[in-house]
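Got your viewer open and a selection box ready? Here is a short tour, stop by stop.

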2 protein chains.
Amino acid sequence: MRMHTHQEFEAELRNLKDRLLAMGGRCEQMIGLAVRAFEERDEGLANEVMEADRRMNEDELAVDELAVRILALRQPVGRDLRFAVAAVKASTDLERIGDEAVNIAERAIEMQPADRLSPPGSKLSEMARRAGAMLRDALNALVEEDPRLARDVFSQDDAVDRIYGEVMKLCLEYMKDDPDRIPGGMRICNCAKYLERIADHATNIAEMVIFTVEGRDVRHGRA
Amino acid sequence: MRMHTHQEFEAELRNLKDRLLAMGGRCEQMIGLAVRAFEERDEGLANEVMEADRRMNEDELAVDELAVRILALRQPVGRDLRFAVAAVKASTDLERIGDEAVNIAERAIEMQPADRLSPPGSKLSEMARRAGAMLRDALNALVEEDPRLARDVFSQDDAVDRIYGEVMKLCLEYMKDDPDRIPGGMRICNCAKYLERIADHATNIAEMVIFTVEGRDVRHGRA
């Protein structure tokens with residue numbers, strides 16, 4: 001009987017992990033679509049991002065429900081308890097990544113070809129690629145409970161922050177040269193900020209991995 | 001014996017609520033300081049914001065530890081379980097409000113008097129005042145488990161979003177009139193965005209109140 005309950009518990013944890021991975025997969029897809037909407041100025045792709053975001057919201061609720069159910073019925077301790085807490089925190093980050101992808105898709109549609117081909121605009125795809133990779137690593141680290149992979153995400157975040165700083169600088173120069181470029185330049189700045197935030201959310205998830213596995217918190221003062 | 005345990009549990013819940021209120025109080029203070037740093041271009045005040053943020057980070061860990069402790073040792077059900085889950089989500093929002101206050105303080109120091117007195121710049125104090133009020137209401141709603149007050153926060157958020165839209169419009173005009181204003185205009189845009197995000201975090205906390213009290217989730221599709 002006990003074995004049976006244990007197996008059920010394992011199945012529920014597995015289910016929770018699968019849900020988180022599915023949310024992460026959807027996020028990655030949304031980031032990819034948003035950036036393609038941006039590169040190809042494709043309103044249809046942008047609309048796909050909005051559509052996917054509705055499913056993200058349901059996913060967040062489903063993850064939280066599963067985690068609360070595990071907390072209530074299984075009353076886990078130690079690492080399993082910390083994982084359930086990490087899951088409800090991670091679902092928030094994933095849902096907000098979806099919101100950022102929607103923001104990118106909205107700005108993408110407003111952009112003009114000249115903005116897109118400008119020096120700052122051309123850096124956005126690289127930022128998106130890196131943010132997507134960070135998210136994938138952070139979620140794999142979470143479900144595989146792999147702190148080494150989580151720590152790798154931290155250094156990837158530093159690289160994204162650096163590129164973000166470069167884009168801001170390029171944007172200022174781009175706009176100063178011609179005031180008509182201001183609305184476009186602002187949209188590029190905003191997209192860069194959204195991507196930088198996606199990378200931050202991925203980093204938050206990676207920090208929860210260390211908390212889950214090592215039982216200590218590196219969220220503030222990683223050293 | 002049972003009574004004793006129950007009293008301990010109540011004391012722990014009270015402690016968790018007090019911690020959340022203390023975090024919220026610190027957030028409000030940080031927002032106020034950041035906006036004064038902005039109005040008076042006072043680097044000392046900006047530094048106080050950074051200093052307060054370090055204590056915020058410790059507060060987040062303390063809240064999470066308390067909540068995890070309650071989940072592990074008291075194994076609450078129903079509303080108390082949902083409150084503990086809401087607390088770990090709210091601590092994240094509060095900590096990120098602190099980060100936004102730091103962002104405002106950083107931009108404040110860089111601003112020039114002309115930016116501050118410009119039409120878009122002069123709207124920031126109002127946004128800050130409203131965001132601070134939303135946060136206070138959201139946290140009171142959380143610790144008093146008052147869904148009516150939580151719903152009031154939702155409508156306050158709509159007002160902040162409207163002012164944010166106005167500031168963006170004013171910023172574009174302000175920058176177009178003179179390219180030398182672009183760096184200052186960008187800083188105002190950024191500050192407005194930080195304040196709008198603080199209001200969003202307060203709204204997230206208010207949504208968790210409905211989840212805690214009514215057991216249903218209004219995070220997506222409030223109607």
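**Stop 1: where the chains meet**

Colour by chain to begin: in this predicted model, 21 residues of chain A are in contact with 21 residues of chain B. Now pick out the side of chain A that touches chain B. Which helices of chain A each supply at least two residues there? Select α2 (43–74), α3, α6 (147–176) and α7. Of these, α3(A) gives the most, with six residues. Colour that side of chain A by class and you get 13 nonpolar, four polar and four charged residues.

**Stop 2: α3 and α7 in chain A**

Stay on α3(A), residues 78–110, and add α7(A), residues 182–214. Their axes come within 9 Å and cross at roughly 170 degrees. With a cut-off of over 145 degrees for the label, that crossing makes α3(A) roughly antiparallel to α7(A). The contact of α3(A) with α7(A) holds 12 nonpolar, five polar and 10 charged residues.

**Stop 3: the largest nonpolar core**

Next, the largest nonpolar core, which has 144 residues. Which residues have the most contacts inside it? Select A:Ala34, A:Ala131 and A:Ala138, along with B:Ala34, B:Ala131 and B:Ala138.

Centre on B:Ala131. Ignoring neighbours within four places in sequence, B:Ala131 is in contact with B:Ile31, B:Val160, B:Leu195, B:Ile198, B:Ala199 and B:Ala202.

**Stop 4: α5 and α6 in chain B**

B:Ala131 is also one of the α5(B) residues that meet α6(B), so to speak your bridge to the next selection: residues 124–143 for α5(B) and 147–176 for α6(B). The two helices pack at an angle of about 165 degrees, with their axes 9 Å apart, and are therefore roughly antiparallel to each other. Their crossing is left-handed.

Show side chains where they meet. On α5(B) look for residues including B:Met127, B:Arg130, B:Met134 and B:Ala138; on α6(B), B:Leu149, B:Val153, B:Val160 and B:Ile163 are among them. By class, the contact of α5(B) with α6(B) divides into 12 nonpolar, two polar and five charged residues.

**Stop 5: two loop residues with positive phi**

Most residues other than glycine have a negative phi. Two stops here go the other way.

- Select A:Glu145, in the loop between α5 (124–143) and α6 of chain A. Its phi is positive, about 50 degrees, although A:Glu145 is not a glycine. With 17 C-beta neighbours inside 10 Å, A:Glu145 counts as partly exposed.
- Select B:Arg41, in the loop between α1 (2–40) and α2 (43–74) of chain B. B:Arg41 has a positive phi near 45 degrees. Buried, exposed or partly exposed? B:Arg41 is partly exposed, with 16 other C-beta atoms within 10 Å.

Technical notes:
Residues are numbered from 1 along each chain as its sequence is written. Chains are lettered from A and ligands numbered from 1 in the order in which they are written. This is a predicted model: local features need pLDDT of at least 70, side-chain atom pairs count only at pLDDT 80 or more; totals for chains, interfaces and linings use all residues. Axes are lines fitted to C-alpha atoms, for helices over the stretch in contact, and angles run from 0 to 180 degrees between N-to-C directions. Helices (H or I, at least four residues) and strands (E, at least two) are DSSP runs, numbered from the N terminus. Angles under 35 degrees count as roughly parallel, over 145 as roughly antiparallel, 65 to 115 as roughly perpendicular and the rest as oblique. Ala, Val, Leu, Ile, Met, Phe, Trp, Tyr, Cys and Pro count as nonpolar, Asp, Glu, Lys and Arg as charged, and the others, Gly among them, as polar. Two residues are in contact if their C-beta atoms, placed from the backbone, lie within 7 Å. A nonpolar core is a set of buried Ala, Val, Leu, Ile, Met, Phe, Trp, Tyr and Cys residues joined through C-beta atoms within 7 Å. A residue is buried if 20 or more other C-beta atoms lie within 10 Å of its own, exposed if 12 or fewer, and partly exposed in between; C-beta atoms are placed from the backbone. A crossing is left-handed if the near helix is turned anticlockwise from the far one by less than a right angle, and right-handed if clockwise.
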